[in-house]
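Colleague: Hey, have you got a minute to walk me through this one? I'd like to know what to look for.

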Amino acid sequence: MIYEAIISTIDTLGNAHVTPFGISMHDDLVVISPYKPSTTLDNILATEHAVMNLTDDVRVFAGALTKRQAWALLPASKVTGFRLADTLAHKELKLVKVIDDALRPQLFMEVLHAEQHQAFNGFNRAQAAVIELAVLVSRLTRLPMEQIKQDITYHTIAIEKTAGARELEAWGWLMEAVTNHQAALNGDNIA
Ligand SMILES: Cc1cc2nc3c(=O)[nH]c(=O)nc-3n(C[C@H](O)[C@H](O)[C@H](O)COP(=O)(O)O)c2cc1C
């Protein structure tokens, strides 16, 4: 089973990096599998720590993929690094094992500390739709435009029926990235 989380890491100078990752659990370890090259991979190998944030604010997913800093950070409690200020929960992680791979290594991380900050409010279809569009945007250059458009048509139903302000803003950022990509494919001058 894979959970979509926000992983925050720092480089050796203390600069924060925040990005979505699908994580899985193996026994009690969190497994993160970054495709190379990855700043998150470099940061975890250099510092041996990361923070996993569980948030229902989908603007963080959309913002990370569209280069908007849609979040505030607070220092982590037990490790050197940061967590999202507005997150339902976070877990502070230490690297304990690496399975290296030319394409996609696996990083096994022990949970050193966990905190719950807010209650889970229930499932929301628009949030799931934004996550699906974020995945498509992260693969824009690898997926056929026709498939992306078909998927967007379907996910738009959930947005129109169930989105709140945060979901609409996140959806707008991601749709702008799709539009820009389509314009670049068409050779349009969008500057
Ligand atoms: C929901 C979601 C899950 C993702 N999961 C992964 C993942 O498991 N591995 C990965 O390499 N990228 C994943 N991505 C894409 C990364 O967030 C994005 O490409 C990012 O730039 C990773 O590289 P970085 O560490 O250099 O930031 C995911 C994106 C989304 C929206």
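Modeller: Sure, let's go through the fold, the ligand and a few odd spots. Keep in mind that this is a predicted model.

Colleague: Okay, what do the strands build, and in what order do they run?

Modeller: They build a closed barrel of 6 strands, and going around you meet β1-β2-β3-β8-β7-β4, with antiparallel pairing. From one strand to the next, the twist averages 45 degrees.

Colleague: And which strands does helix α1 lie across?

Modeller: Helix α1, residues 39-47, lies across β1, β2, β3, β4, β7 and β8. Its direction is at about 55 degrees to β1.

Colleague: Let's go around the barrel a bit. How many bridges pair β2 and β3?

Modeller: There are 4 bridges between β2 and β3, in the antiparallel sense. If you want a pair to click on, I23 stands opposite I32 in β3. The two strands form a hairpin with 2 residues between them.

Colleague: What's the phi of D27 in that turn?

Modeller: It is positive, about 55 degrees. D27 is a residue other than glycine, and you'll find D27 in the loop between β2 and β3.

Colleague: Why point that out?

Modeller: Because most residues other than glycine have a negative phi.

Colleague: Got it. Next in the barrel, how many bridges join β3 to β8?

Modeller: That would be 3 bridges, with the strands running antiparallel. V30 has M109 as its bridge partner in β8, while V31 has F108 in β8 as its partner.

Colleague: Why would I care about V30 and V31 being next to each other in a strand?

Modeller: Here's a general point: in a regular strand the side chains alternate between the two faces of the sheet.

Colleague: Okay, then β7 and β8. How many bridges do they have, and how many residues sit between them?

Modeller: β7 and β8 pair over 10 bridges, again antiparallel, and they form a hairpin with 6 residues between them. I99 stands opposite Q106 in β8.

Colleague: And which residues of β7 face β4? Give me a couple of pairs.

Modeller: Two to look at: N53 has H90 as its bridge partner in β7, and M52 stands opposite K91 in β7. Strand β4 (residues 49-54) and strand β7 (residues 89-99) pair over 6 bridges in the antiparallel sense.

Colleague: What stands opposite K91 in β8?

Modeller: A114 does. So you can trace across the strands here: M52 is opposite K91, and K91 is opposite A114.

Colleague: Switching topic: how many residues surround the ligand, and which are the closest?

Modeller: There are 17 around the ligand, and the closest are H17, P20, Y35, S38 and T40.

Colleague: What do Y35 and S38 do there, backbone or side chain?

Modeller: One of each. For Y35, a polar backbone atom is 2.7 Å from an oxygen atom of the ligand. For S38, a polar side-chain atom lies 2.7 Å from an oxygen atom of the ligand. There's also S33, where a backbone N or O atom is 3.0 Å from a nitrogen atom of the ligand.

Colleague: How much of the ligand does the protein bury?

Modeller: The protein buries 82% of the 630 Å² that the ligand exposes when taken alone.

Colleague: Any odd peptide bonds? Which one is cis?

Modeller: The bond from K36 to P37 is cis, with omega near -5 degrees. P37 is in the loop between β3 and α1.

Colleague: Last thing, how many salt bridges are there?

Modeller: The structure holds 6 salt bridges. One of them joins D56 and R166, with the closest N and O atoms 3.4 Å apart. D56 is in the loop between β4 and α2, and R166 is in helix α5, so this pair links distant parts of the chain, 110 residues apart.

Colleague: And why do side chains like that pair up?

Modeller: Side chains of opposite charge can pair when their charged atoms come close.

How values were computed. Residues numbered from 1 in each chain as written. Predicted model: local features only at pLDDT ≥ 70, side-chain atom pairs only at ≥ 80, totals over all residues. Heavy atoms only, no water. Pairing = 2+ DSSP bridges. Axes fitted to C-alpha atoms, helices over the stretch in contact; angles between N-to-C directions. Contact = heavy atoms within 4.5 Å. Near = heavy atom within 4 Å. Polar contact = N/O pair within 3.5 Å; in protein donor to acceptor, adjacent residues only side chain to side chain. Areas by Shrake-Rupley, 256 points an atom, 1.4 Å probe, with all protein chains shown as cover. Salt bridge = Lys/Arg side-chain N within 4 Å of Asp/Glu carboxyl O.
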